[in-house]
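Q: Please take a close look at where empty space is left in this model. I would like to know what lines that space, and how the parts around it are built.

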Amino acid sequence: MKIRKISGSETYFDVLVYAVLILWGAAILLPLLYVLMTSFATEKEYLTRGFFILPKEWTWDAYLYLLANDSFSQSFVNAVVITAVGTALSISMTTLMAYGLSKKWLKGRTVFNFMVVFTMLFSGGLIPTYLVVKEFGLIDTFWSLWLPGAVAPFYLIVMRSFFSSVPGELEESARVDGCGEWRMFFGIMLPLSKASIATFVLFYMVGYWNTYFSALIYLNDSGKWPLQVFLRQILVLNQSMDGTATLMEQIIAYTPGAKMAAIVVSALPMMIVYPFLQKHFNKGMLLGSLKG
């Protein structure tokens with residue numbers, strides 16, 4: 001077997017590529033390390049040292065402070081509830097609607113598919129959407145975060161394309177054995193689409209976990225605010241979650257370490273979940289793109 005020699009220009013190009021990747025990786029990794037390490041540092045060290053990677057004195061005070069903070073605990077629980085219920089609701093509605101729209105015999109299928117694609121290009125706008133949510137009595141409820149964006153059109157189209165790509169012979173053989181629509185959906189289609197479902201579960205989870213703007217608009221009760229709104233309060237406004245307090249009472253001495261610890265805790269759940277679903281990511285995105 002003949003070994004090809006690498007020319008000088010190719011070597012220089014490889015060195016350049018690796019140098020750019022290293023610099024790019026450092027630009028991404030260093031801020032993350034700084035946030036993580038600052039959460040374990042004392043306030044004195046943060047104020048005196050400035051930028052550092054490893055703290056001289058390690059402490060858990062920031063995390064203990066957050067765990068003892070009722071506002072943080074409540075917002076964390078709210079975020080978990082919003083994410084868990086919202087993801088289950090969205091993935092159920094997406095798969096059911098995609099399965100129905102994949103059937104060519106469905107009356108009005110073209111109209112419904114057009115409506116789905118239309119929502120990807122145009123939306124009602126913020127004020128009309130708020131008025132609709134208000135008229136349905138969803139203000140100050142978690143339903144205002146779940147229902148308006150329960151189904152993502154792009155995810156629906158990918159799932160519909162996957163269901164359409166399933167060989168018709170498989171469905172025919174199942175129907176010969178007495179398989180109905182519900183059994184066909186739960187017993188055959190869903191097991192075949194596990195990779196796609198796992199991928200979109202991850203997407204929906206990240207979307208609901210990072211819910212911020214919708215919660216800020218629709219949730220007036222601070223006791224129902226999710227974790228991202230809590231982060232806004234302590235990072236941007238540096239205020240408490242208690243709307244009944246005076247302005248001077250709202251200003252809290254959140255230490256820099258507590259703020260960084262809140263950021264770490266808010267990112268940790270998705271970082272834990274991602275490795276379990278990552279193996280399905282590439283396969284799940286490709287399954288529905290084979291047939292449009």
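The largest pocket and its surroundings

A: The largest pocket holds about 1100 Å³ of space. A pocket here is an open set of points on a 1 Å grid over the protein atoms alone, where a 1.4 Å probe fits and protein lies on both sides within 12 Å along at least five of seven lines. Grid points are joined across faces, edges and corners, and the volume is the space filled by probe spheres set on the points.

The model is predicted: local features need pLDDT of at least 70, side-chain atom pairs count only at pLDDT 80 or more, and totals for chains, interfaces and linings use all residues. Residues are numbered from 1 along each chain as its sequence is written, and side-chain values use heavy atoms, with hydrogens and water left out.

The lining of the largest pocket has 36 residues, and Leu147, Pro148, Gly149, Ala150 and Val151 lie nearest the centre. A lining residue has an atom within 4 Å of a point. Two or more lining residues come from each of helix 5 (109–121), helix 6 (126–135), helix 7 (143–146), helix 8 (153–165), helix 11 and helix 12 (213–218). Helix 6 gives the largest share, 5 residues. Helices (H or I, at least four residues) are DSSP runs numbered from the N terminus; the protein has 16 helices and 0 strands, a strand being an E run of at least two residues.

By class, this lining has 26 nonpolar, 10 polar and no charged residues. Ala, Val, Leu, Ile, Met, Phe, Trp, Tyr, Cys and Pro count as nonpolar, Asp, Glu, Lys and Arg as charged, and the others, Gly among them, as polar.

Helix 11 covers residues 194–209, and its 16 residues should span 22 Å at 1.5 Å a residue; the end C-alpha atoms are 22 Å apart, which agrees. The expected span is 1.5 Å times one less than the number of residues. Of the 16 residues in helix 11, 12 are buried, where buried means under 20% relative accessible area, exposed over 50% and partly exposed in between (1.4 Å probe, protein chains only). The buried residues include Phe200, Tyr204, Met205, Tyr208 and Trp209. Over the whole protein, buried residues make up 38% of the 292 residues.

One buried residue of helix 11, Tyr204, also has a partner distant in sequence. Its C-alpha atom is 9.6 Å from that of Ala84, 120 residues away along the chain. Ala84 is found in helix 4 (residues 70–101) and is partly exposed, with a relative accessible area of 46%.

An unreviewed UniProt entry places "transmembrane region" features at several stretches, among them residues 145–163 and 184–206; such annotations may be inferred rather than shown by experiment, and the positions follow the numbering used here, with feature names shortened. Residues 145–163 are 68% helix and 0% strand, with end C-alpha atoms 28 Å apart. Residues 184–206 are 96% helix and 0% strand, and there the end C-alpha atoms lie 30 Å apart.

For reference, the second largest pocket has about 270 Å³ of space. Helix 1 (8–38) and helix 15 (256–278) each supply at least two of its lining residues, and helix 1 gives the largest share, 6 residues. The lining of this second pocket has 11 nonpolar, no polar and no charged residues.
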